[in-house]
Amino acid sequence: MIQIYHANNTRGIRPIWLCEELGIEYSVTKIDFSQEFRRQPEWRMMNPVGKVPVLEDGKLRMFESGAMVEYLLTRYGEGRLHPNPSSDAYAHYLQWLWFGEATLSRPLGEIVNHRREFQGDKEIPEVVAEMGNRAGECLTAIADAVENQHFICGDAFTAADIMLGYGLHLSELLVPEKMPEKLQPYWAGLKQRTAFQIAKSA
Ligand SMILES: N[C@@H](CCC(=O)N[C@@H](CS)C(=O)NCC(=O)O)C(=O)O
């Protein structure tokens, strides 16, 4: 069975959410998210940079959440939750799937990392503000793209919504003031999905 090593509010939400949407059997192991735990050689064997999540499927082990999503889709998705790979829509889908991690989640992650490393009055507000602005630009781009549609690829929910959805979840926790009003219908639709709610509280 697929094993997902996860900690609250981390990117483990993505593979868990996808397994729920696809009806794939999986189990979750919660890990201690402290730096002490993640620096231990045992965890570095699981994830060489000491991050979360990790996914195991039999002997196979992975440590990058977007790659987990693509792997699960290819291996178990039976063509669900993505456009036909030979269509133009697929290029658009891939773009937003990657945007969810590489462009939106990056500045959000930097806010979390900065606050962990520079606690209390050591925090540099300009750094946090700059990362918040970068995330805000991404949130505006998403809001513009979904203005007249239910999901990022139109009427059909896809795995790109899962990749973006985690970034929106993090945005709501870290920079709610940067979420444009017109993003709300899209985000509300993602949030009310049972699979997301299960993943969020896994
Ligand atoms: N690109 C990686 C990022 C993984 C990542 O940054 N995970 C966060 C939790 S969501 C983490 O472990 N942060 C701890 C750290 O960077 O020290 C992925 O998508 O899996």
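Me: Contact means heavy atoms within 4.5 Å; by that criterion, which residues of H4 meet which residues of H5?

Reply: In this predicted model, local features need pLDDT of at least 70 and side-chain atom pairs count only at pLDDT 80 or more, while totals for chains, interfaces and linings use all residues. Residues are numbered from 1 along each chain as its sequence is written, and side-chain values use heavy atoms, with hydrogens and water left out. On that footing, Ser65, Glu70 and Leu73 of H4 meet Tyr93, Leu94, Leu97, Trp98 and Glu101 of H5. The axes of these two helices (lines fitted to C-alpha atoms over the stretch in contact, with angles from 0 to 180 degrees between N-to-C directions) come within 9 Å and cross at roughly 145°.

Me: Why are H5 and H6 called roughly antiparallel?

Reply: The axes of H5 (residues 88-117) and H6 (residues 125-145) cross at roughly 155° and come within 9 Å. Since the label asks for an angle over 145 degrees, H5 and H6 are therefore roughly antiparallel to each other. Trp96, Phe99, Leu104 and Leu108 are among the H5 residues that take part in the contact, and the H6 side includes Val127, Met131, Leu139 and Ile142.

Me: Why does leucine 190 count as buried?

Reply: Buried means under 20% relative accessible area, exposed over 50%, and partly exposed in between (1.4 Å probe, protein chains only). Leucine 190 has 0% relative accessibility and therefore counts as buried. Leaving aside neighbours within four places in sequence, leucine 190 is in contact with Trp17, Phe151, Phe157, Asp161, Gly165, Leu168 and Phe196. One of these, phenylalanine 157, lies 33 residues from leucine 190 along the chain, with the two C-alpha atoms 9.1 Å apart.

Me: Leucine 190 is found in helix H8 (residues 184-191); why are the buried residues of H8 said to line one face of the helix?

Reply: Besides Leu190, the buried residues of H8 are Tyr186 and Trp187. Seen down the axis of H8, the buried residues fall within an arc of 95° (taken from the directions from the axis to the C-beta atoms), so they line one face. That set packs against H1 (13-22), H6, H7 (159-174) and H9 (194-200).

Me: Why is H1 described as largely enclosed by the rest of the structure?

Reply: Eight of the ten residues of H1 are buried, so the helix is largely enclosed. The buried residues are Ile13, Arg14, Pro15, Ile16, Trp17, Leu18, Cys19 and Leu22, and just after H1, glycine 23 takes a positive phi of about 70°.

Me: Why does asparagine 9 count as partly exposed, and why is leucine 81 called buried?

Reply: Asparagine 9 has 32% relative accessibility and so counts as partly exposed, whereas leucine 81, with a relative accessible area of 17%, is buried. Asparagine 9 is in the loop between strand S1 (2-6) and H1, and leucine 81 is in the loop between H4 (65-76) and H5. Asparagine 9 has a positive phi of about 65° although it is not a glycine; leucine 81, not a glycine either, also has a positive phi of about 65°.

Me: Which peptide bond is cis, and where is proline 53 found?

Reply: The cis bond joins valine 52 and proline 53, with omega about 10°. Proline 53 is found in the loop between helix H3 (41-46) and strand S3 (54-57), where helices are DSSP runs of H or I with at least four residues and strands are runs of E with at least two, numbered from the N terminus.

Key:
Contact means heavy atoms within 4.5 Å. Angles under 35 degrees count as roughly parallel, over 145 as roughly antiparallel, 65 to 115 as roughly perpendicular and the rest as oblique.
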